[in-house]
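User: Hi! I'd like to go through this model with you and ask how each label was earned. Could you take me through it step by step?

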Amino acid sequence: MSRFGLIAAALIVLLLIGFASIVRVTGPGWSGSGGGTTGPKLAKGAPYTGQLLIPVQGVAASALHDDWSEPRGDGTRVHHAIDIMAARGTPVLAAADGRIEKLFQSNLGGTTIYERSADGGTVFYYAHLDHYAPTLVEGQAVKAGQEIAAVGSTGDADAGAPHLHFEIHAMTPGERWWQGSEVDPYPVLAKR
Ligand SMILES: [Zn+2]
């Protein structure tokens, strides 16, 4: 190939790369979210407006405790979650329709689940699980109320006080399972 040919080929490659990056930035942000025009929409920091089930079987709204602002880690962080106390082995239920995005072993959270909402805009995080439901796998679609795990005390939870640590994360387009911004679950679950 002549020098001119090489330069022309390089320019074409650069143009194609530039075009691809523009398409990626301006194209649809959610991957695999199935359209997502009907679910609740979340802005960063906005309260969650969708309907959620209390994700532990047999727990009433009146039994929930607002511990969003409590210190954790000897005051090095704020809880930004809700702890739902229950006996070890109590079924943990999907709070909403969605898809199991990640099954993760964490030092603090222990055995955990990250579930992406059906519209892609929210991630629900379930931690300190004793074990997963036997057939649970990443990528699996789940329905609100479906048993996905059991309450436990894995990670840094007190073995004498098993509970579900539950978080809601508002996701902006393109954010991955470990990202998002925390939304207070208590007003949503307690319907206050
Ligand atoms: Zn917690």
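User: What pattern does the protein chain follow when read along the sequence?

Analyst: Happy to help! Please keep in mind that this is a predicted model. Along the sequence, the protein chain follows α-β-β-β-β-β-β-β-β-β-β-β-α. That corresponds to two helices and 11 strands.

User: What makes G110 partly exposed?

Analyst: The count around G110 is 19 other C-beta atoms within 10 Å. Buried needs 20 or more and exposed needs 12 or fewer, so a value in between is called partly exposed. With its 19, G110 is therefore partly exposed. This glycine lies in strand β6, where seven of the eight residues are buried.

User: Which residues does G110 touch, beyond those up to four places away in sequence?

Analyst: G110 touches A127, H128, L129, T154, G155 and A157. For one of them, L129, the C-alpha atom is separated from that of G110 by 6.9 Å, although the two are 19 residues apart along the chain.

User: How do you know that β5 and β6 pair?

Analyst: Pairing takes at least two bridges between the strands. Eight bridges join β5 (residues 98-106) to β6, so the two count as paired, and they run antiparallel. One of the bridge partnerships links G98 to S117 in β6. The two strands form a hairpin with three residues between them.

User: And what makes β6 and β7 a pair?

Analyst: The reasoning carries over: β6 and β7 share five bridges in the antiparallel sense, and at least two are needed, so they pair. Y114 has Y125 in β7 as its bridge partner. These strands also form a hairpin, with four residues between them, and G120 in the turn has a positive phi of about 85°.

User: Which residues have the most contacts inside the largest nonpolar core?

Analyst: They are V56, V92, Y126 and L164, in a core of 34 residues. Among the strands that each supply at least two residues of this core are β3 (82-85), β4 (91-93) and β10 (163-170). β7 gives the most, with six residues.

User: Why is that set called a nonpolar core?

Analyst: The name applies because its members are buried residues of nonpolar-core types, such as Val, Leu and Tyr, joined through C-beta atoms within 7 Å. In soluble globular proteins, nonpolar side chains tend to be buried together.

User: What is Y126 in contact with, leaving aside neighbours within four places in sequence?

Analyst: Y126 is in contact with P55, V92, T112, I113, A149, L164 and F166. Two names there, V92 and L164, also appear with Y126 among the core residues with the most contacts.

Notes
Residues numbered from 1 in each chain as written. Predicted model: local features only at pLDDT ≥ 70, side-chain atom pairs only at ≥ 80, totals over all residues. Contact = placed C-beta atoms within 7 Å.
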